[in-house]
Amino acid sequence: MIDEEKFKSRLYELIKQSGKSQSLISKELGFTRTRLSNILYSRSTSAVTLDILADYFGVSVDWLLGRDTER
């Protein structure tokens with residue numbers, strides 16, 4: 001099961017730790033700024049998007065979704 005709050009919290013943490021703005025991260029990922037905002041504020045996103053985010057930040061999808069304690 002996916003822990004939505006943990007996902008959002010971890011994604012915010014990764015963004016903050018990167019020292020980059022959400023706009024810059026969106027650009028580097030090839031996302032619109034709106035797409036990243038929607039990921040942060042909505043309840044769902046695609047598996048492809050999760051994989052892209054996990055690769056970008058160097059973490060596992062399971063960690064990002066709150067299903068694992070190891071990055």
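Tyr56 is partly exposed here, with a relative accessible area of 27%. Its sequence neighbour Phe57 is on the other side of the 20% cut-off for burial, at 16%. Keep in mind that this is a predicted model, with a mean pLDDT of 90 for the protein. Below is a quick tour of the aromatic residues, the core, helix α3 and a couple of lysines.

**Aromatic rings**
- Searching the whole structure turns up 1 aromatic pair.
- That pair is Tyr56 with Phe57, arranged edge-to-face, with 4.8 Å from centre to centre and 90° between the planes.
- Phe31 has a charged partner: the charged end of Arg35 sits over its ring, 3.9 Å from the centre.

**The nonpolar core**
- The largest nonpolar core has 18 residues, and the ones touching the most other members are Phe7, Leu11, Leu53, Phe57 and Leu64.
- Helices α1, α2, α3, α4 and α5 (61–64) each put in at least two residues.
- As a general point, nonpolar side chains in soluble globular proteins tend to be buried together.
- What does Leu11 touch, leaving aside residues up to four places away in sequence? Its contacts are Ile39, Leu40, Leu53, Phe57 and Leu64.

**Helix α3, inside and out**
- Helix α3 covers residues 33–41, and its buried residues are Leu36, Ser37, Ile39 and Leu40.
- Looking down the axis of α3, those buried residues fall within an arc of 155°, so they line one face of the helix.
- The general geometry behind this sort of pattern is that an α-helix has 3.6 residues a turn, so residues three or four places apart point the same way.
- Thr34 and Tyr41 are on the other side of α3, and they're exposed.
- What covers the buried residues of α3? The cover includes α1 (4–18), α2 (22–29) and α4 (47–57).

**Two lysines**
- Lys16 is part of helix α1, and it is exposed, with a relative accessible area of 73%.
- Lys16 and Lys27 are 11 residues apart along the chain, and 16 Å separates their C-alpha atoms.

**How confident is the prediction?**
- Across the protein, 97% of residues reach a pLDDT of 70 or more.
- Confidence is highest in α2, at 95, and lowest in α3, at a mean of 88.

Definitions and conventions: Residues are numbered from 1 along each chain as its sequence is written. This is a predicted model: local features need pLDDT of at least 70, side-chain atom pairs count only at pLDDT 80 or more; totals for chains, interfaces and linings use all residues. Side-chain values use heavy atoms; hydrogens and water are left out. Buried means under 20% relative accessible area, exposed over 50%, partly exposed in between (1.4 Å probe, protein chains only). Helices (H or I, at least four residues) and strands (E, at least two) are DSSP runs, numbered from the N terminus. The arc is that of the directions from the helix axis to the C-beta atoms. Contact means heavy atoms within 4.5 Å. A nonpolar core is a set of buried Ala, Val, Leu, Ile, Met, Phe, Trp, Tyr and Cys residues joined through side-chain atoms within 4.5 Å. pLDDT is the predictor's confidence in each residue, from 0 to 100. Rings of Phe, Tyr and Trp (its six-membered ring) pair if their centres lie within 6.5 Å; planes under 30 degrees apart count as stacked, over 60 as edge-to-face and the rest as tilted. A charge sits over a ring if NZ of Lys or CZ of Arg is within 6 Å of the ring centre and within 35 degrees of the ring normal.
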